[in-house]
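Please look over the model shown here before reading on. The report that comes after it describes how its parts are packed together.

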Amino acid sequence: MTSEKYQDILEGFEFLLEMVTGLPFETTVNEYNFILRSGMKFKENDIYRNFYYHAPNGRKDIQTFYREKDLLARQAAQAEAEKRGAKSNPINNQNHIYGKDKLLQWLKDGVDAQKALYFAPHSIDSGITINEINKFNSKCRVIRIENDDAVEFDEKLKYFEKIGFPKESLLLHSGSKSPHHIFTFGNGETLPEIEWERMAELEAQMLRHSGFDGYSKTIKQVINDSKTMMLRIPGSFHQKTKKATSVWDAGDWWNIEDLENQIYRRFHKLGGYKISK
């Protein structure tokens, strides 16, 4: 096996992590815990599995939370397997990744198995569900605008540009038919932390003006979907096509005030959004 085989996944994940966190890759993997996911098609079923990354210098309370959360999930899976009379023993699954070397091996194993691999951007030192993210008082750090319409990929890009939206921080080709326009807000020093309502109002306006996926969502729906968002890792494989997700284009981090000025100055406000308590 040559190193070229894994180049896209290793470079793609490092780039994605740096764009989301605004920090050097080494800093993030040494100091912050986060959650990953793998997905693959088995016969007619899509099988997804969460993995918990434990940073060498990461918060111990988060790592304990990960182990307890995973144990409960595996116990439930074990009980369900026994109920069906299955021979598999899911409680023995190893869903924890300790340190950078194990993380890189997990990425390589995903390539070998042609899996879809995901990174949960709001799971950093937090959980992966809405309640868990609320519990740890995690803030927002990513906007993703996605277009899954049955139109050619290049035509979707032309439409995005024609609308007049500012350039995204990162443009991913999903490996199927969707461009993922991702806006990130790093500063090179600390993790971005933006209030959910502020980010959701901005995202909702972009969705409404574009008609892209989720254009009819309420603010509450935008917030909840953003909290549980999964970003495809470049170099991993879309399960419908078995083609790799790729970095199509890249810009830079945004300052939230600058992006707001760009959107609110160019576009009139659509929809009477109200934050639903």
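What follows is a description of the cores, the largest pocket, two helices and a few single residues. The model is a predicted one, and the values given below are computed from it.

**The nonpolar cores**

The largest nonpolar core contains 32 residues, and those with the most contacts inside it are Phe13, Phe34, Leu36, Leu103, Trp106, Phe119 and Ile233. At least two residues of this core come from each of the helices α1 (4–21), α2 (25–31) and α4 (99–112), and likewise from each of the strands β1 (34–42), β2 (45–54), β4 (116–119) and β6 (170–173). The element that gives the most to this core is α1, with six residues. Apart from this core lies another one, made up of 26 residues, including Ile143, Phe183, Trp196 and Ala204.

Phe34 illustrates how the largest core is held in contact with other parts of the chain: leaving aside its neighbours within four places in sequence, Phe34 is in contact with Phe13, Leu17, Thr28, Phe51, Tyr52, Tyr53, Tyr66, Leu103, Phe119, Ser123 and Ile124.

**Two threonines and a glutamine**

Thr28, one of the contacts of Phe34, has its place in helix α2. Because its relative accessibility is 1%, Thr28 counts as buried. Not counting residues up to four places away in sequence, Thr28 touches Leu17, Thr21, Leu23 and Phe34. Thr21, in turn, is found in helix α1 and is buried, with a relative accessible area of 0%. With neighbours within four places in sequence again left aside, the contacts of Thr21 are Thr28, Ile124, Thr190, Leu191 and Pro192. Of these, Thr190 is 169 residues from Thr21 in sequence, yet their C-alpha atoms are 7.8 Å apart in space.

Gln105 belongs to helix α4, and with a relative accessibility of 39% it counts as partly exposed. Between the C-alpha atoms of Gln105 and Leu10, which are 95 residues apart along the chain, the separation is 9.7 Å.

**The largest pocket**

The volume of the largest pocket is about 470 Å³. Its lining consists of 19 residues, of which Tyr48, Tyr118, Glu146, Arg232 and His238 lie nearest its centre. Two or more residues of this lining are given by each of β1, β2 and β5 (142–146). Sorted by class, the lining of the largest pocket holds 10 charged, six polar and three nonpolar residues.

**Helices α3 and α7**

Helix α3 covers residues 60–84, which makes 25 residues, and from its first C-alpha to its last it reaches 36 Å, close to the 36 Å expected at 1.5 Å a residue. The buried residues in α3 are Ile62, Gln63, Phe65, Tyr66, Lys69, Asp70, Arg74, Gln78 and Ala81. An α-helix has 3.6 residues a turn, so residues three or four places apart point the same way. Just after α3 comes Gly85, which takes a positive phi of about 75°.

Helix α7 spans residues 196–210, and the 21 Å between its end C-alpha atoms agrees with the 21 Å that its 15 residues should span at 1.5 Å a residue. Since 12 of the 15 residues of α7 are buried, this helix is largely enclosed by the rest of the structure. Among the buried residues of α7 are Trp196, Met199, Leu202, Met206 and Leu207, together with Glu201, Glu203 and His209. The buried residues of α7 pack against α5 (130–135), β5, α6 (153–163), β7 (179–184), α8 (219–227) and α9 (256–266). Gly211 follows α7, and its phi is positive, near 75°.

**Positive phi outside glycine**

Most residues other than glycine have a negative phi, and most peptide bonds are trans. Asp125 has a positive phi although it is not a glycine, and the phi of Asn137 is likewise a positive value in a residue other than glycine. The table sets out the phi, the place and the relative accessible area of these two residues.

| Residue | Phi | Place | Relative accessible area |
|---|---|---|---|
| Asp125 | about 50° | loop between β4 and α5 | 11%, buried |
| Asn137 | near 55° | loop between α5 and β5 | 53%, exposed |

Asp125 is thus a buried loop residue, whereas Asn137, in the loop between α5 and β5, is exposed.

Note on methods:
Residues numbered from 1 in each chain as written. Predicted model: local features only at pLDDT ≥ 70, side-chain atom pairs only at ≥ 80, totals over all residues. Heavy atoms only, no water. Core = buried A, V, L, I, M, F, W, Y, C linked by side-chain atoms within 4.5 Å. Buried < 20%, exposed > 50% of the residue type's maximum accessible area, 1.4 Å probe, protein only. Helix = DSSP H or I, 4+ residues; strand = E, 2+ residues; numbered from the N terminus. Contact = heavy atoms within 4.5 Å. 1 Å grid on protein atoms, 1.4 Å probe; cavity = no way out; pocket = protein on both sides within 12 Å on 5 of 7 lines; lining within 4 Å. Points joined across faces, edges and corners; volume = space filled by probe spheres on them. Nonpolar A, V, L, I, M, F, W, Y, C, P; charged D, E, K, R; others polar. Expected span 1.5 Å × (residues − 1).
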